[in-house]
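Okay, thanks for squeezing me in today. Have a look at the screen for a second, and then I'll talk you through a couple of things.

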Amino acid sequence: MADTVSSAGVPAMLGAKGHLTALEWIARRAEAFVIPVASMIVGMALFSLFILAVGKSPVQLYETMWRGGFGSWFSIQNSLSRAAPLLLAALCVALPARLGLVVIGGEGAIVLGGVAAAATGVATSGAPSFFAILAMGVAGMAAGGIWIGAVGALRHYRAVNETISSLLMAYIAIALMNHLVEGTLRDPASLNKPSTEPLADAYRIGNIPGMEVHWGLVVGVIACILSWLLIEKTRWGFAARIAGGNVRAAQVQGLAVGPLIVGFTALAGGFAGLAGMLEVAAVQGSANASLAAGYGYTGILVAFLARHNPLAIIPVAFLLGGIDASGGLIQRRMDLPDATVLVLQGMLFVVILFSETFYGRFKAFNPDLWQRPDLLKGPDLLKGTA
Amino acid sequence: MDATEIGLWGVPLAMLGGAIRVSTPFIFVSLGEAITERSGRINLGLEGTLVFGAMTAYAVAVITGSPWLGLIAAAFAGLCFGLFHGWICKFPKVNDIAIGIALMLFGSGLAFFFGKPFIQPSAPDLPAIPFGGWSDIPQVQAALNVNVLFLIGAALAVFLWWAFRNTRAGLIVRVVGDSSDAARAMGLNPNTVRLLATGIGGALAGIGGAYLSLYYPGSWTEGISSGQGLMAVALVIFARWNPLGCFAAALLFGGAGALGPALQSVGVTQGYYLFYAAPYVLTLLIMIATSSPSRSLAGAPGELSITK
């Protein structure tokens, strides 16, 4: 035993026993997969109890949910369409989370991104469609980026709590949108539902060939992959993780924490703004109150379920998009309110946050403990599951 | 004096009346949150509790015909939400802010779920006391028609201010909020104290919700709160965790919230939506003005994650 322990008393982990390393590799990563999946199952089981308590059949509910969200090519396409803005909205939470910031006001960036894109689309009418769409995307990202970047700047330079300020700014953004859409930017022809002038057909974003899903899905997936690369493979991502762990240590290391926070939050808001631009250019055709459809809030849940890992956001956004998409069918088939999916989402959210307490508690996921049961006598957190 | 003659004087008068009317939920939520935060935890879920309390109060009042039973039911529902938050946050690595966000969504979702059938029917209102009887100007009478809950809230603010300083319970909450270690050394269990403090905070937020649906605006809709619970949380920080400060700040916020309807009532329709954003802007400006990166906030409980 003694030779597997280094001079500092720390067990030599990898490579000490050759045949264990593959298993160890799996065990270390299994935790990040098993605990969230188990939590979701627990959350869905609790939701079954809730459905039973209101006198409906959970089996029928999940069957309907499956049919509405995932059971056919049609419903899968519907879910994917809803996943597109969720991917970007979740990045708006996940990127700042790497710096230890809890930003929950993505809805505001989506709304303003949509308005900015719609205004740009109208202002550039006549320009070649490629440039116009590009300009709309840039305008949407800029609007969202400024909005959430300001939250980051306030956090760093004024110590204003980012969770509260971002949500307040979301309400301000929605008021601003209503003001612009019903005033300055209003298309006089839109009577019942005040909207900006409709975009020219050439400025609309179409569907991916062979699918009834717009290109926003591809944009969202690319954004997730780029964000993952940024966090895991670049020095900025590395610096952000250090600053997220301990701001003072990062400052002592000479990291420019301020620009890092503003940069990450601005990029996060830019992604949410892009989601708004895609809603305008691919779905609505103009900016109106439908922009505040709650994608920003569902995106919070997506990011937390994915534990702020941009690659994990992709499947989770699809899952939540499917749950969202099945809401209408559940309402019609089972005579339940449309808020049923909100209750499920809330339960999943609570359970997944509760599951944080189980990380590091299971011996199976921690190869260090396989050969060193005495380490279990260490801190509280490691107790209980030996 | 004719009612139409008071002209623009109607704006400050409507704002005074509005401040009293609009501020009541702020008073209850912020006092509840002040108790919770003084114990060292932050509960952002009060926004969801407010919405669920509003729905519960309305539903019970519709069914039983008694607004007071609705109020009690809302307080009980809020208590349950608060106790749940307090219980779940005692586990290691469970983040109180994140749980608050989850309960915000969960509480609203549950309220929308059970509240669907109650959007149409009308419930009896909580009673108000007409302090404006001496005047024959209808606007003055309207402004001084004060709901009993406002008076209870004002009394509660004074009581809590006194209790934090002068009672054993107040001392216990403050010790737990300032240092878990010191509390343990005194033989107190911080988790139990925080559980109770969060539970009471939730119950008060539920009462705030009952006021929303049973008095002003006085009906149950899904957009009934639109962030008031959250603003109340921000307000507690601005008030430096002082119950009297909470009361004053709530009046200020109520006045800001009444600006939009007050201007509309005298015929100003330009920038209508921007005036509705006034309370949010005010909250944000106050947060910017009163925070500082170089010093921690005076009076902040030491264990509070939001100020660390």
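Quick bit of vocabulary before I count anything: a helix here is a DSSP run of H or I with at least four residues, and a strand is an E run of at least two, numbered from the N terminus. And please keep in mind that this is a predicted model.

So, chain B. Counting that way, chain B has 13 helices and two strands. How many of its 308 residues are buried? It comes out at 55%.

What about overall dimensions? The C-alpha trace of chain B spans about 65 × 45 × 35 Å along its principal axes. The radius of gyration is 20 Å for chain B, and a compact globule with 308 residues would be near 19 Å, so the two agree. On contacts: take those in chain B with a separation of 6 or more, and 79% of them are between residues 24 or more positions apart.

Now over to chain A, and one helix pair. In general, you describe two packed helices by the angle between their axes and the distance between the axes. Here the pair is H4, residues 106-123 of chain A, and H11, residues 295-305 of chain A; their axes come within 7 Å and cross at roughly 135°. That angle is neither over 145 nor in the 65 to 115 range, so H4(A) and H11(A) count as oblique to each other. The crossing is right-handed.

Who's touching whom? From H4(A) you've got A:Gly106, A:Glu107 and A:Ile110, and they meet A:Tyr295, A:Gly296, A:Tyr297 and A:Gly299 in H11(A). By class, that contact has three nonpolar, three polar and one charged residues.

Conventions. Residues numbered from 1 in each chain as written. Chains lettered and ligands numbered in written order. Predicted model: local features only at pLDDT ≥ 70, side-chain atom pairs only at ≥ 80, totals over all residues. Axes fitted to C-alpha atoms, helices over the stretch in contact; angles between N-to-C directions. Parallel < 35°, antiparallel > 145°, perpendicular 65-115°, else oblique. Left-handed = near helix turned anticlockwise from the far one by under 90°. Contact = placed C-beta atoms within 7 Å. Nonpolar A, V, L, I, M, F, W, Y, C, P; charged D, E, K, R; others polar. Rg over C-alpha atoms; globule rule 2.2 N^0.38 Å. Buried ≥ 20, exposed ≤ 12 C-beta atoms within 10 Å, placed from the backbone.
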